[in-house]
Amino acid sequence: SIIGITSSGLWGNGNKVLGRSVTVPACYTKGNKPVGITFTSTAFTEDKLLSYAYAYEWAYKKRRSPSI
């Protein structure tokens, strides 16, 4: 079976959802385009997934408000 990450944030094999993912800002390119880092987890470990993503985002503080 094949497992992969999809743009919807879910990963799995066919219609069966096996886990979750969350993306947070990681850095910006020289052209000021955002680059994200995605954390994935197995089913029923969302609490750890969110704590890792929050800890990374808090430690590196890369989030910026969009320019209008």
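**Exercise 1. Place Asn32 and describe its backbone.**

Asn32 sits in the loop between strand 3 and strand 4 (34-42). Helices (H or I, at least four residues) and strands (E, at least two) are DSSP runs, numbered from the N terminus. The model is predicted: local features need pLDDT of at least 70, side-chain atom pairs count only at pLDDT 80 or more, and totals for chains, interfaces and linings use all residues. Residues are numbered from 1 along each chain as its sequence is written, and side-chain values use heavy atoms, with hydrogens and water left out.

Solution.
- Step 1: take the backbone angle. Phi of Asn32 is near 65°, a positive value in a residue other than glycine.
- Step 2: take the accessibility. Asn32 has 49% relative accessibility, so it counts as partly exposed. Buried means under 20% relative accessible area, exposed over 50%, and partly exposed in between (1.4 Å probe, protein chains only).

**Exercise 2. Write down the overall layout of the protein.**

Solution.
- Step 1: count the elements. The protein has one helix and four strands.
- Step 2: read them along the sequence. The pattern is β-β-β-β-α.
- Step 3: check burial. Of the 68 residues in the protein, 18% are buried.

**Exercise 3. Test the length of helix 1, then find its two faces.**

Solution.
- Step 1: work out the expected span. This is 1.5 Å times one less than the number of residues. Helix 1 (residues 46-60) has 15 residues, so it should span 21 Å.
- Step 2: compare with the model. The end C-alpha atoms of helix 1 are 21 Å apart, which agrees.
- Step 3: list the buried residues of helix 1. They are Leu49, Ala53 and Tyr56. These residues cover an arc of only 65° around the axis, so they lie on the same side of helix 1. The arc is that of the directions from the helix axis to the C-beta atoms.
- Step 4: recall the geometry. An α-helix has 3.6 residues a turn, so residues three or four places apart point the same way.
- Step 5: turn to the other face. Away from the buried side, helix 1 carries the exposed residues Asp47, Leu50, Tyr54, Trp58 and Ala59.

**Exercise 4. Describe what follows helix 1.**

Solution.
- Step 1: name the residue. Lys61 follows helix 1.
- Step 2: take its phi. The value for Lys61 is near 45°, positive in a residue other than glycine.
- Step 3: classify it. Lys61 has 57% relative accessibility, so it counts as exposed.
- Step 4: look across the chain. Lys61 and Pro25 are 36 residues apart in sequence, and their C-alpha atoms are 8.3 Å apart in space.

**Exercise 5. Find the aromatic contacts.**

Solution.
- Step 1: set the rule. Rings of Phe, Tyr and Trp (its six-membered ring) pair if their centres lie within 6.5 Å; planes under 30 degrees apart count as stacked, over 60 as edge-to-face and the rest as tilted.
- Step 2: count. The rule gives two aromatic pairs.
- Step 3: classify one of them. The ring centres of Tyr56 and Tyr60 are 4.7 Å apart and the planes are at 35°, so the pair is tilted.
- Step 4: relate the pair to the helix. Tyr56 and Tyr60 are four residues apart in helix 1, so about one helical turn separates them.
- Step 5: group the residues. Phe39, Tyr56 and Tyr60 form one aromatic cluster.

**Exercise 6. Trace three contacts of strands 3 and 4.**

Solution.
- Step 1: start with Arg20, in strand 3 (residues 16-28). Its relative accessibility is 36%, so Arg20 counts as partly exposed. Arg20 and Phe44 are 24 residues apart in sequence and 8.9 Å apart in space, C-alpha to C-alpha.
- Step 2: go on to Tyr28, also in strand 3. Tyr28 has a relative accessible area of 22% and is partly exposed. Its C-alpha atom is separated by 9.9 Å from that of Arg64, 36 residues apart along the chain.
- Step 3: move to Ile37, in strand 4. At 29% relative accessibility, Ile37 is partly exposed. Between Ile37 and Val24 lie 5.6 Å, C-alpha to C-alpha, at 13 residues apart in sequence.

**Exercise 7. Characterise the largest pocket.**

Solution.
- Step 1: define the term. On a 1 Å grid over the protein atoms alone, a pocket is an open set of points where a 1.4 Å probe fits, with protein on both sides within 12 Å along at least five of seven lines.
- Step 2: take the volume. The largest pocket holds about 190 Å³ of space. A volume is the space filled by probe spheres set on the points.
- Step 3: name the lining, whose residues have an atom within 4 Å of a point. Among them are Tyr28, Asn32, Arg63 and Arg64.
- Step 4: sort the lining. It divides into four nonpolar, three polar and two charged residues. Here Ala, Val, Leu, Ile, Met, Phe, Trp, Tyr, Cys and Pro count as nonpolar, Asp, Glu, Lys and Arg as charged, and the others, Gly among them, as polar.
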